[in-house]
Each structure stands twice: as structure tokens, then as C-alpha cells.
Amino acid sequence: RACTQELGRGIAGPAEAGAGPGSAHCPVLERLTDDTYVPTQLWPADLRLDGPYVRAIVAQLRQLGGSTTVSKLRGFLRNRVNSYSNIKSVPLKALLSAYSRLFLVKSNQVTLLLPKPPQQQQPAQQQ
């Protein structure tokens, strides 16, 4: 439960025993901060757990014009989840690659593959 509430509140979730900011009780955050993750290791995609992170990354990429570096995404997620540990590049790239219909990772550049949301039209001004 802490994992799905994290991004909405700054990512930490409820104040359960040990489930504070940067808590390892969220398997997604635990994987993202794992410095033993290897580039050949696949991300076990589970949209139920990954969804808040994926949505936050999509929103951030849209705000940045559709593309940014892995390093900037790492910083964004670390701040967003209020993590005591650093988000690592290798597991973050694995997460992004697991959702290859949404993200393109080329070297250290991440691009959003979703079309821009439709702009709301302003009502015509009367003359």
C-alpha cells in the first residue's frame, strides 16, 4: 500500500513502522535504489506497483517537452519520493525499458513516446 501512495504524497506513503520517506518497504523504490542491479537484469513489470512511478515520469517528461536525461529523471524521482538513497541509473533504465511502449531510452536520453494530450481550446472571445 505504501508503494501506491508514495508519488501522490511525495512518495513515502503512510507512517507505518519504518515506512517513512525513502522506505525500502516499496519493492519499486527498493529496486530503483539497488546498486547491485545489473544491465542485463529485466525489470519485473507490474503496473499495479509501477503505475505511480510510470505516471510521474510521463508527467515530468511532458513538462520537459517530451525528453530528458536519465540523470535528470533520477534527481526528479529522488526528490519526488523523498528517498534517502540515490535512484540508480541501471534499474531506472530497466524500469523505462519494461514500458517500451511509453519510453525510448537511447544511451542516457529518455524520450516519451506518447502523443501530447489534446490542448483545451479557449472559448472564442466576443467582439
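These exercises work through the fold of a predicted model.

**Exercise 1. List the secondary structure of the protein and give its order along the chain.**

Solution. Start with the count: the protein has 5 helices and 3 strands. Then read along the sequence. The pattern is α-α-α-β-α-α-β-β.

**Exercise 2. Work out the strand order of the sheet and find its edges.**

Solution. Step one: take the pairings. β1 and β3 pair in the antiparallel sense over 3 bridges. β2 is joined to β3 (residues 109–112) by 4 bridges, and these two also run antiparallel.

Step two: assemble the order. The 3 strands form an open sheet, β1-β3-β2, with antiparallel pairing. β1 (67–69) and β2 (103–106) each have a single partner strand, so they stand at the edges and one side of each is left without a neighbour in the sheet. From one strand to the next, the twist averages 20°.

Step three: place residues in register. T68 stands opposite V110 in β3. L104 stands opposite T111 in β3. K106 has Q109 of β3 as its bridge partner.

Step four: inspect the turn. The hairpin of β2 and β3 has 2 residues between the strands, and S107 takes a positive phi near 60°.

**Exercise 3. Which side chains of β3 are buried, and which are not?**

Solution. Follow the alternation along the strand. V110 and L112 point to one face and are buried. Q109 and T111 point to the other face and are not buried.

**Exercise 4. Describe how α4 packs on the sheet and on α5.**

Solution. Begin with the sheet. Helix α4 (residues 70–81) packs on it, touching β1 and β3. The direction of α4 makes about 85° with that of β1.

Next, take the helix pair. The axes of α4 and α5 (residues 89–98) come within 10 Å and cross at roughly 95°. Angles of 65 to 115 degrees count as roughly perpendicular, so α4 is roughly perpendicular to α5.

Now list the contact. From α4 come V70, L73, R74 and L77; from α5 come S89, L92, K93 and L96. By class, the contact residues divide into 5 nonpolar, 1 polar and 2 charged.

**Exercise 5. Identify the largest nonpolar core and the elements that build it.**

Solution. First, its size: the largest nonpolar core has 27 residues. Those with the most contacts inside this core are L32, Y53, I57, L92 and F103.

Second, its sources. The elements giving two or more residues are α2 (27–32), α3 (47–63), α4, α5 and β3. The largest share, 7 residues, comes from α3.

Third, look around F103. Leaving out residues up to four places away in sequence, F103 touches V54, I57, V58, L61, L96, V110, T111, L112 and L113.

Fourth, turn to α5. Its buried residues are P91, L92, A94, L95 and L96. What covers these residues includes α2, α3, α4, β2 and β3.

**Exercise 6. Locate S100 and decide: buried, partly exposed or exposed?**

Solution. S100 is found in the loop between α5 and β2. Its relative accessible area is 48%. Buried means under 20% and exposed means over 50%, so S100 is partly exposed. As a distance check, the C-alpha atoms of S100 and L112 are separated by 9.5 Å, with the two residues 12 apart along the chain.

**Exercise 7. Give the buried fraction and the share of long-separation contacts.**

Solution. Of the 127 residues in the protein, 37% are buried. Then take the contacts with a separation of 6 or more. Residues 24 or more positions apart account for 56% of them.

Conventions
Residues numbered from 1 in each chain as written. Predicted model: local features only at pLDDT ≥ 70, side-chain atom pairs only at ≥ 80, totals over all residues. Heavy atoms only, no water. Pairing = 2+ DSSP bridges. Axes fitted to C-alpha atoms, helices over the stretch in contact; angles between N-to-C directions. Contact = heavy atoms within 4.5 Å. Parallel < 35°, antiparallel > 145°, perpendicular 65-115°, else oblique. Nonpolar A, V, L, I, M, F, W, Y, C, P; charged D, E, K, R; others polar. Core = buried A, V, L, I, M, F, W, Y, C linked by side-chain atoms within 4.5 Å. Buried < 20%, exposed > 50% of the residue type's maximum accessible area, 1.4 Å probe, protein only.
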